[in-house]
Structures are given as structure tokens and as C-alpha cells.
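Reader: I should be grateful for a close look at one part of this model, namely the contact between its chains. Please set it beside the contact between domains within a chain.

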Amino acid sequence: MRAFKLVSATDSAQAVALLAEHGPGVKVLAGGTDLLVDLKAAPEAPAVVLDISRAADMKGIAATDAGLRIGALVTHGELTRSPLVRELAPVLAEAARTIGAVQTRNLGTLGGNLVSGVPSMDSGPALIALEARVTVAGPRGTRTLGLAEFFVGPRRTALAPDELLVDVVVPAASLGKPAGFLKSGLRKGQALALVNVAAALWIDPDRGAFRAPRIALGAVAPTVIRAPRAEAYLEGRAVTAEAMAEAGRIAATEARPIGDFRASADYRRELVAVLTRRALAAACDRAEGAQ
Amino acid sequence: MTPLRITVNGREHVLPAPPETTLLALLREHLGLTGAKLGCDVGDCGACTVLVDGLAVNACLMLAAQADGRSVLTIEGLATPDALHPIQQAFERHAALQCGFCGPGVILSAKALLDANPAPTAAEIREALAGNLCRCTGYAKMITAVHAAAQALHGATDERSPRATPVPRLPLPGGGTGGPR
Ligand SMILES: Cc1cc2nc3c(=O)[nH]c(=O)nc-3n(C[C@@H](O)[C@@H](O)[C@H](O)COP(=O)(O)OP(=O)(O)OC[C@H]3O[C@@H](n4cnc5c(N)ncnc54)[C@H](O)[C@@H]3O)c2cc1C
Ligand code: FES
Ligand code: FES
């Protein structure tokens, strides 16, 4: 790596101040699993790297009135081990466990994964299915927005250059909502997603029907996307295997995958249909288990 | 340059290093601990695996400055002058290494696993070693060796020993890739 100046922040306010002080040439460093790979390949070093990995208020997982608050610096490994996550939103632990391998999960953070804006990221779909919101801090103060609005394009987010992602909140209304996450890659261990899908739903106990189904698809569009037509099809419909299969077929028409050396667009669409059906089935299994 | 204060294998070091120094470069080039290997340099191969505060990490993807004030364990910290560590002994006994380039990383991944989970299943061992690529021995003997080390360390027995039954494939959580549900 080429030489750079390194500054470090111990909380988010100091990090925001350092970002403003050093201007747009600063690169933010959290777990480094994306940034250091990029810097090793980059022809030029950034003027300054801002290490936020010691920002105490951006760590930790807590249940609050608003919901489950997950600091941006929480690692994928911490998500897999957190008793709170396993109890209130186990699908997040399942998704985290599919990221890279143990070593990368112990370094890579949730915030870094979301800010990378890579369409195949494994943290995005489950959080979008649970309608998570993010908190962003900058020199103009703090704002919150839905995670779906945070993603604006491949490797592009709503974050301004002088802003930081501080935390992610899974709203209280989504806690305990039965959900499933499925990923398909070229190998079982340490592989990026060809397609990943998360589904979350309630089952109306009187009518045995889907209520508030949410489906999120990864790696098949410029950003992680919802599948609104498949969701609308399921809303109020009786829970059957056929309904889940049909929702999968509809979701496949909502995906806009590219083909590349890893998989053709058609294959990815087929994966969307199958993984959506299975993610819905996994969520239903979890709903039954909870009753 | 503000000096870094890092405990490596139980010994505290205070040393300056340029900001762009990775933890791997610090260990190998500044401290002369060449056990952790430079393989891919991008997080894929696991040859650089060390434990930081007990957790396995890729030392190639961490700045030395991020390990300031923390405790690092490398392969050099396992054996005593009298004996190899039980995991190393198990790898030797089961011929689980050939060229050995991947070995320091594999053994430290195994150590992190056994510290947290004294009696892992074969699937758990596979998951723990998924980030350590081996180009010559293959993984079957390593899984046997980690089982043997678990027994030696903790007297742990596991009826799903890989000798008794074929080793199951590592399942992705929730049934991920693969066959019908
Ligand atoms: C071998 C390997 C395998 C991988 N496998 C997978 C996989 O299977 N699935 C998957 O989804 N990902 C995978 N990844 C990528 C994954 O590790 C990263 O996306 C990780 O989560 C990024 O987090 P980080 O803390 O390491 O980010 P960093 O590398 O520190 O930062 C990433 C980017 O986000 C910015 N940033 C970080 N945090 C913040 C913040 N709080 N506010 C503002 N900007 C911020 C940085 O400036 C940088 O641009 C893999 C990576 C490697 C090396
Ligand atoms: S050298 Fe670090 S993972 Fe390959
Ligand atoms: S023993 Fe040669 S790479 Fe594993």
C-alpha cells in the first residue's frame, strides 16, 4: 500500500469533525475488508485515511423503544453470536453467517457492508425485508432514512461525502416477524451471492393468510430491491405451497439481473423464483414454530 | 510516528510503524515473526490468519494501528520449548500438512474454534476452516486432526466422528445453496 496519513476517531462526533476538516480526499476505514483491498490495488493513495474502528458510540447492539439498534461498527461475527439478534431478528444472524469466512466476519462491519453499496451484499436483503432504517450523521446534524432509500445505485448510496453511517434500526414492529434468508453462490464456503433473497411475513392466525409479506432480492438489480408485485400477490392470500411458488415466479419477473462469467441472467432469474419460494417457506416454518 | 503498543504472544512490544503497515507486515517485517504467511494479500486464502483478542482475523486486511493496545497470538506463540501445542501434535500425528504453507493459519483457525467450542461437529470444523485454503494436503485429514485435538485438549468425544460416518457437507444457514428442502 502507498503511504497515507492516518487519523483516528473515538466517537462519531469526532469522526464527523475530522471528515469535515480533511475534506473529500478522506477515506473512511472501518473493518477494512473492502477498503484495504481497494487501497492495495489503487494507483494512488488517499491523502488521509480516517479510522473509525474505535468510535465507541457506533458499536454495540441494543433493544430500544424504537427497535433493535445495531451500531454501524458491529461485525458480521458479532451479529452471528448476539443473543439479542438471535432472539429478535434471527434472520440477520443467518445472513451474517453466510458472509465470507470466519476471519472476514470478525473484521468486516455491517456499516461497511451497507456503505459499499455492492448489489450482492448479504446484509441488505434481510434488513430491507424487516424495513430497517439507518441513521446518518454529518456536519448538518443527524438524519434517518429507510435502508431501501439509502441504496441509490451500484456502489452508490445516499451518504454525502461528509457523512457517516452511525447505526441501523430494525423497527419494533418488525421484531419477531418470521423471516428467512437464502443465498446461492458458486461454492458453499466463502462465495459471493449469485442471488440472495430474504422474505418476512406475518400469518393471520384466524384466516391462515399472509399479512404484510416483504420480499427483498439481492444481486439481481443495481441495488437490493423489493419485489412489490410478489408482495401484493401474497397479501391476504391463504398460505399454500402453490401461492409461495407463484410469488417466486412473480418475483423473478421483477428481477433485472445481468449475466456475467459467474451466471447467466436467465439462471439468476430462475434462482430468484426458487430462492423466493424457499425463503417464504422458511419464514412460514419459523411462524409455525413460534405458535 | 506515535509508537504502537501491541502484545504479541504474551510479550508487549512498543514500536513505531508507518500508518500503511498491515498487521501482517508488522509481524513479519518488523517483529521477524514469519509464521503468518503472505498469500493472496486480499482476504481470500487465510494464510495470514492470526488471533486478535482471541478472534481469528486476516492479518493482511488489518492495519497494525488497528491492533494498537490489543493482544495478538501467532503460530510462534503456541508451542513451548518442550512440546508442540496439542493441535500441532494432532496435525503431525494425522499427517494433516504437506508443504505447510497454509498450516499456521489453519491451526490458528482451529485454536479459535476449540477455545469457543470444545467439542465441535465435523460441520462446525468445516465452517471454521472455510477461510483457509490448502493447495496440497486437502481438508479431510485436517478435520480428523481437529477432532483429535479436541479430544486431547478437552477429552471431548463426539459420536459424529469423521471416522465413524462420512463427513457431511457444510450446510449454509437456512439451507442456502443446494438440494430440495
Ligand atoms: C474474502 C472476502 C469475502 C467476502 N465475502 C462477502 C460475502 O460473502 N458477502 C458480502 O456481503 N460481503 C463479502 N465481503 C465484503 C465484506 O467483507 C464487506 O462488504 C464488509 O462488510 C465491509 O465492511 P468493513 O467494515 O470491512 O468496511 P471497510 O472496508 O472498512 O469500508 C468499506 C467502505 O465503506 C465505507 N465505510 C465503512 N463504514 C462506514 C461508515 N460507518 N460510514 C461511512 N462510510 C463507511 C468505507 O469508506 C469504504 O468505502 C467479502 C470480503 C472479503 C475480503
Ligand atoms: S494473505 Fe491474508 S487472506 Fe491471503
Ligand atoms: S499443506 Fe500445502 S497448502 Fe496446505
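How many residue pairs are in polar contact between chain A and chain B, counting pairs in which both residues have pLDDT 80 or more?

Author: The structure is a predicted model, and every value below is computed from it. Between chain A and chain B there are 16 residue pairs in polar contact, with both residues at pLDDT 80 or more. On the chain A side of this interface, five elements supply two or more residues each: α2 (35-41), α5, α6 (102-107), β11 (179-184) and α12 (265-290). Of these, α6(A) gives the most, contributing six residues to the side that touches chain B. By class, the chain A side is made up of 14 nonpolar, eleven polar and 13 charged residues.

Taken as a whole, the contact draws 38 residues from chain A and 40 residues from chain B. The two chains bury about 3200 Å² between them, and carbon and sulfur atoms account for 56% of that area. Charged side chains also meet across this interface, where three salt bridges are found. In a salt bridge between the chains, A:R97 pairs with B:E127, with N and O 2.6 Å apart.

The contact between domains within chain A may be described in similar terms. The domain assignment divides chain A into domain 1 (5-51), domain 2 (57-174) and domain 3 (179-290). The centres of domain 2 and domain 3 of chain A, taken over C-alpha atoms, lie 20 Å apart. Their contact involves 25 residues from domain 2 and 22 residues from domain 3. About 1800 Å² is buried between these two domains of chain A, with 63% of the area given by carbon and sulfur atoms.

Three salt bridges cross the interface of domain 2 and domain 3 of chain A. A salt bridge joins A:D122 to A:K183, whose closest N and O atoms are 2.8 Å apart. In addition, eight residue pairs are in polar contact across this domain interface, again with both residues at pLDDT 80 or more. On the domain 2 side, α5 (90-97), α8 (124-129) and β8 (151-153) of chain A each provide at least two of the residues that touch domain 3. The largest share, five residues, belongs to α8(A). The domain 2 side comprises 16 nonpolar, six polar and three charged residues.

One element links the two descriptions: α5 of chain A is listed among the suppliers of the side that touches chain B, and α5 is also listed among those of the domain 2 side that touches domain 3.

Notes. Residues numbered from 1 in each chain as written. Chains lettered and ligands numbered in written order. Predicted model: local features only at pLDDT ≥ 70, side-chain atom pairs only at ≥ 80, totals over all residues. Heavy atoms only, no water. Domains from an automatic or database assignment. Contact = heavy atoms within 4.5 Å. Buried area = accessible area lost by both parts, 1.4 Å probe. Salt bridge = Lys/Arg side-chain N within 4 Å of Asp/Glu carboxyl O. Polar contact = N/O pair within 3.5 Å; in protein donor to acceptor, adjacent residues only side chain to side chain. Helix = DSSP H or I, 4+ residues; strand = E, 2+ residues; numbered from the N terminus. Nonpolar A, V, L, I, M, F, W, Y, C, P; charged D, E, K, R; others polar.
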